[in-house]
Amino acid sequence: MTSFATHLECSRCQEDFPVDQIAQVCKNDGGPLFVRYDLVRAKAAFPKHGFSWREQTLWQYRELLPTSDDNRVSLGEPMTPLNEAPRLGAALGIANLKVKDEGLLPTGTFKARGAAIGVTRAKELGVRTLALPTAGNAGAAWAAYGARAHLRVIVVMPDTTPDVIVRETSAYGAEVYVVPGSIAQAGQVVRGACSRYGWYDASTLREPYRIEGKKTMGFELAHQLEWRLPDVIVYPTGGGVGLIGMWKAFQEARAIGWLDANAKTRFVAVQSTGCAPIVKAFTDGRGESESWPDPQTFAAGIRVPKALGDFIVLRALRESEGTAVAVTDEEIAAQMRTAGETEGMLVCPEGAAGLAGATKLRRAGWIRDGEQVVVFNTGTGLKYAESLQGERPRRLDEGALPFEERQVY
Ligand SMILES: *Cc1c(COP(=O)(O)O)cnc(C)c1O
Ligand SMILES: [Zn+2]
C-alpha cells in the first residue's frame with residue numbers, strides 16, 4: 001500500500017513543497033515542514049473498528065504515515081504498555097496516574113519511532129549517507145535503523161553524553177564524534193558537513209519524517225484509552241518533537257474520525273531548571289524561546305538549549321490550555337528512585353522529570369482531583385547506568401545472616 005501523503009507544508013509560511021523529493025526546511029524562512037495527507041481518502045479507506053485485526057505495532061497507523069508499507073525498515077516496534085501506577089500515583093498525589101513506558105522499544109527509547117519512519121523514508125528517497133546531531137538517544141536509534149537499512153550514518157554528540165549511549169551508537173556501526181558543549185554545537189558541525197558533502201541532514205525537524213514516527217505515540221495512547229484522551233499528558237521536552245507529534249496526531253485523528261471531533265487533552269512540557277528555554281518562554285508569554293546559556297542537566301535527552309520547533313511547542317501548550325514546568329536534577333533523581341521502588345519501573349531521568357513535573361502541578365492544584373494523567377517515560381533507565389541509585393549491595397561474611405524485618409511499599 002502506498003501512502004496518503006500529498007505534500008509538505010511549511011509550519012511558518014504554509015507554502016507547499018513536493019513530498020516525493022528530498023526536502024529539509026522551508027526555503028523561505030527555515031520553518032520545519034509538516035507532511036500533509038489526503039484525510040478524506042484516508043477516512044474513507046479505514047474506520048477505527050478495523051484496528052482489531054491489525055498487528056500491534058506502530059505500522060498499524062499506516063493511513064497516516066508517509067511511507068509505503070513494502071519498504072519498512074523495522075526492528076519490531078511493539079505497542080508500548082500504558083501501565084497503571086497506583087503506588088507511584090499515591091506518592092505523587094495523583095490517584096489516576098498512568099505511565100506510558102517507551103523503554104520497551106528497540107534501542108530503549110521512543111526515538112526508535114522517529115528513526116523507523118525517518119530511515120524508511122530516507123531510504124525511499126534514495127539517501128545513502130545521513131548525519132545527525134543528538135543529545136544521545138536519537139543518534140543511537142538512527143544508527144540502529146541506519147544499519148538495518150544499510151546506510152552510512154554519522155552521529156555527532158556532546159562529550160557529556162552518557163557512556164552507555166555513546167558505546168551503543170558505535171556498536172551499530174555508526175561513525176561517532178563527540179564535541180564540547182551541547183546538541184547546539186553538534187548541530188553546527190552536522191550542518192557544515194552536510195552542506196560540504198551533500199549528506200542528508202537528519203537533525204530534529206530538519207527532515208519532515210521523524211515527527212511522523214513520533215506521532216504514533218499519540219495514536220497509540222488514544223487507541224489504548226479506547227479512542228479517548230486523558231485530561232493531561234506530561235511530556236519531558238527537549239527538541240519537542242514528541243509533543244508536536246502527538247499534537248499533530250490528535251488533529252489528524254479527529255479529522256479522520258478515530259477521535260471525536262471535540263476530544264481534547266492538556267499538554268505539559270517538563271524541562272530541567274538547568275535547561276528550561278521553553279518553560280521560560282511560556283512563562284514570559286513569548287512565542288519563541290531564547291537559547292539557554294550553559295545548559296546543564298543529567299537528563300541528557302532534554303538538554304536542548306534552543307529547539308527549532310520551539311514556536312510550535314509553545315503554540316501546542318497554549319492551544320491545549322496546557323503549561324510548562326521546570327524541575328531540579330535532585331527532584332529528577334528522587335523520582336527515578338521512587339518509580340523503581342514503588343512500581344518496579346526503571347525510568348530514565350527524562351521520564352523521572354515528567355513525574356517530578358506532575359507532582360509539582362498537582363501540589364499547585366493545576367492538576368485537579370480525579371483527573372486522568374499520563375506521564376511519558378521516554379526511555380529505559382538502563383541507558384543511564386551511571387545514574388541508577390539505590391542501596392549498595394552488602395558483602396556477606398561467611399555464615400552471616402544479617403537480615404531484618406522490613407516494611408515494603
Ligand atoms: C530525546 C529525548 C527526549 C526529548 O524528546 P523530544 O521529543 O525531542 O522533546 C526525552 N526523553 C528521552 C529519553 C529522549 O531521548
Ligand atoms: Zn516557510
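**Entry 1: the whole chain**

I began with burial, and 60% of the 409 residues of the chain count as buried. I am keeping in mind that this is a predicted model. Next I asked myself how the radius of gyration of the chain compares with that of a compact globule. For 409 residues a compact globule would come near 22 Å, and the chain has 21 Å, so the two agree. I also looked up the extent of the C-alpha trace, which spans about 70 × 45 × 45 Å along its principal axes.

For secondary structure I noted 13 helices and 13 strands. Then I turned to contacts with a separation of 6 or more: 71% of them come from residues 24 or more positions apart. The accessible surface of the chain is about 17,200 Å², and carbon and sulfur atoms hold 49% of that.

**Entry 2: the zinc ion**

Which residues coordinate the zinc ion (ligand 2)? I found Cys 10, Cys 13 and Cys 26, each through SG, and Asp 29, which is listed twice through OD. The distances run from 2.3 to 2.5 Å. Along the chain, the donors follow the spacing C-x2-C-x12-C-x2-D.

I then checked two of these cysteines for cover. Cys 10 has 0% relative accessibility, so I put it down as buried. Cys 13 has 34%, and therefore counts as partly exposed.

Just along from there I stopped at Gln 14, which sits in the loop between E1 and strand E2 (16–17). Its phi is positive, about 65°, although Gln 14 is not a glycine. With a relative accessible area of 46%, Gln 14 is partly exposed.

**Entry 3: salt bridges**

My count here is 30 salt bridges. A reminder to myself: side chains of opposite charge can pair when their charged atoms come close. I looked at a few of the pairs.

Glu 9 pairs with Arg 36, with 3.2 Å between the closest N and O atoms. This pair links distant parts of the chain, as Glu 9 lies in strand E1 (residues 5–10) and Arg 36 in strand E3 (residues 33–37), 27 residues apart. Are the two partners buried or exposed? Glu 9 has a relative accessible area of 17%, and this makes it buried because the cut-off is under 20%. Arg 36 has 23% and is partly exposed.

Lys 100 and Glu 220 came next, and their side chains meet at 2.7 Å, N to O. They are 120 residues apart: Lys 100 is in strand E5 (residues 97–101) and Glu 220 is in helix H8 (residues 216–224). Lys 100 is buried, at a relative accessible area of 0%. Glu 220 also counts as buried, at 0% relative accessibility.

I then went to Arg 406 and Glu 391, whose closest N and O atoms are 3.1 Å apart. Both residues are in the segment after strand E13 (373–377), 15 residues apart. Arg 406 is exposed, with a relative accessible area of 62%.

Which residues make up a network of salt bridges? I wrote down Arg 12, Glu 288, Lys 306 and Asp 310 as linked in one.

**Entry 4: after H8**

Following the chain on from H8, I came to Glu 226, in the loop between H8 and strand E10 (232–236). Glu 226 has a positive phi, near 55°, and it is a residue other than glycine. Its relative accessible area is 64%, so Glu 226 is exposed.

**Entry 5: helix H9**

My last stop was helix H9, which covers residues 241–255 and has 15 residues. From its first C-alpha to its last, H9 reaches 21 Å, close to the 21 Å expected at 1.5 Å a residue.

How many residues of H9 are buried? I noted 12 of its 15, and the helix is mostly covered. Among them are Val 241, Leu 243, Ile 244, Met 246, Trp 247 and Phe 250. The buried residues of H9 also include Lys 248 and Glu 252, along with Gly 242, Gly 245, Ala 249 and Ala 253.

After H9 comes Gly 257, with a positive phi near 85°.

Conventions:
Residues are numbered from 1 along each chain as its sequence is written. Chains are lettered from A and ligands numbered from 1 in the order in which they are written. This is a predicted model: local features need pLDDT of at least 70, side-chain atom pairs count only at pLDDT 80 or more; totals for chains, interfaces and linings use all residues. Side-chain values use heavy atoms; hydrogens and water are left out. Helices (H or I, at least four residues) and strands (E, at least two) are DSSP runs, numbered from the N terminus. The expected span of a helix is 1.5 Å times one less than its number of residues. Buried means under 20% relative accessible area, exposed over 50%, partly exposed in between (1.4 Å probe, protein chains only). Donors are N, O and S atoms within 2.8 Å of the metal (3.2 Å for Na, K and Ca); water is not among the atoms, so sites may look incomplete. The radius of gyration is taken over C-alpha atoms; the globule rule is 2.2 Å times the number of residues to the power 0.38. Contact means heavy atoms within 4.5 Å. Accessible areas come from the Shrake-Rupley method with a 1.4 Å probe; for residues, only the protein chains shown count as cover. A salt bridge is a side-chain nitrogen of Lys or Arg within 4 Å of a carboxyl oxygen of Asp or Glu.
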